Amino acid sequence: MARIAGVNIPTQKRVPIALTYITGIGAHTAELICSALNIDRARRVNQLTDAEVLAIREHIDANFTVEGDLRREVSMNIKRLMDLGCYRGLRHRKGLPVRGQRTHTNARTRKGPAKAIAGKKK
């Protein structure tokens, strides 16, 4: 099992698909990594040599922010917004949608399950 950036990537999947299991690497970035290292996109992870896995690991470490560092950076950015007291920070603090979505209806993902209004009878 290949371990890249602290993540065990699946061995039976094609290389670009398996690389997307790493936080911070999407489909496009995985394709760029494969083309930069001249790795055939049809190859599976278990067909890679140790040298190729090492080359992928070094390329990712040198050129991308992934996994723990990326999560830390994102959480620090959110904390900075909350400390500033800006509109986006207040929305994060209240657990409401940050990017202008409506909240009268919808927004259940951010707001959580609907709460019944006490004292409302029909």
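## Close-up views of a predicted model

**View 1. K79 and D83 pair up along helix α4.** Both K79 and D83 sit in helix α4, four residues apart, which is about one turn of the helix. Keep in mind that this is a predicted model. The two side chains form a salt bridge, and their closest N and O atoms are 3.1 Å apart. How exposed is D83? D83 counts as exposed, at 58% relative accessibility, while K79 is partly exposed at 44%. If you wonder about the spacing, here is the handy rule: an α-helix has 3.6 residues a turn, so residues three or four places apart point the same way.

**View 2. E67 forms a salt bridge with R71.** Stay in helix α4, which covers residues 67-84 and includes E67. Here E67 forms a salt bridge with R71, with 3.0 Å between the closest N and O atoms. Being four residues apart in α4, this pair is separated by about one helical turn. Is E67 buried or exposed? E67 is buried, with a relative accessible area of 14%, because buried means under 20%. Its partner R71 is partly exposed at 48%. Now look at what else touches E67: leaving aside neighbours within four places in sequence, E67 is in contact with A5, V7, Y21, I22 and T23.

**View 3. R43 and E52 meet in a salt bridge.** The N to O distance for this pair is 2.9 Å. R43 counts as partly exposed, at 21% relative accessibility. E52, on the other hand, is one of the buried residues of α3. How many salt bridges does the model have by this rule? The count comes to five, and the R43 and E52 pair is one of them.

**View 4. Helix α2 has a buried face.** Which residues of α2 are buried? They are T29, A30, I33 and C34. Seen down the axis of α2, these buried residues fall within an arc of 140 degrees, so they line one face of the helix. Over on the other side of α2 you'll find A27 and H28, which are exposed. What covers the buried residues includes α1 and α3. Just after the helix ends, look for N38, which takes a positive phi of about 55 degrees.

**View 5. Helix α3 also has a buried face.** Try checking the length of this helix yourself: at 1.5 Å a residue, the 14 residues of α3 should span 20 Å, and its end C-alpha atoms are 20 Å apart, which agrees. The buried residues here are E52, V53, I56, H59 and I60. Seen down the axis of α3, they fall within an arc of 125 degrees, so they line one face of the helix. What do the buried residues of α3 pack against? They pack against β1, α1 and α2. Turned away from that buried side is a face carrying the exposed residues D50, A51, D61 and A62.

**View 6. The largest nonpolar core has 19 residues.** Inside this core, the residues with the most contacts are L19, I22, I56 and I60. Which elements give two or more residues to the core? They are β1 (2-4), β2 (7-9), α1 (15-19), α2 (27-36) and α3 (50-63). Zoom in on I60 and you can pick out what it touches: I4, L19, I22, I25, I33 and V66, not counting residues up to four places away in sequence.

**View 7. I25 is a buried loop residue.** Where is I25? You'll find I25 in the loop between α1 and α2. Its relative accessible area is 4%, so I25 counts as buried. Leaving aside neighbours within four places in sequence, I25 is in contact with L19, T20, A30, I33, I60 and V66. For a sense of scale, pick out L70 as well: I25 and L70 are 45 residues apart along the chain, and their C-alpha atoms are separated by 11 Å.

**View 8. C34 and C86 are two cysteines to find.** C34 is buried, with a relative accessible area of 1%. C86 is partly exposed, with a relative accessible area of 25%. How many disulfides are there? The count comes to zero. In case the word is new to you, a disulfide is a covalent bond between the sulfur atoms of two cysteines.

Notes:
Residues numbered from 1 in each chain as written. Predicted model: local features only at pLDDT ≥ 70, side-chain atom pairs only at ≥ 80, totals over all residues. Heavy atoms only, no water. Core = buried A, V, L, I, M, F, W, Y, C linked by side-chain atoms within 4.5 Å. Buried < 20%, exposed > 50% of the residue type's maximum accessible area, 1.4 Å probe, protein only. Contact = heavy atoms within 4.5 Å. Disulfide = S-S within 2.5 Å. Arc of directions from axis to C-beta. Salt bridge = Lys/Arg side-chain N within 4 Å of Asp/Glu carboxyl O. Expected span 1.5 Å × (residues − 1).
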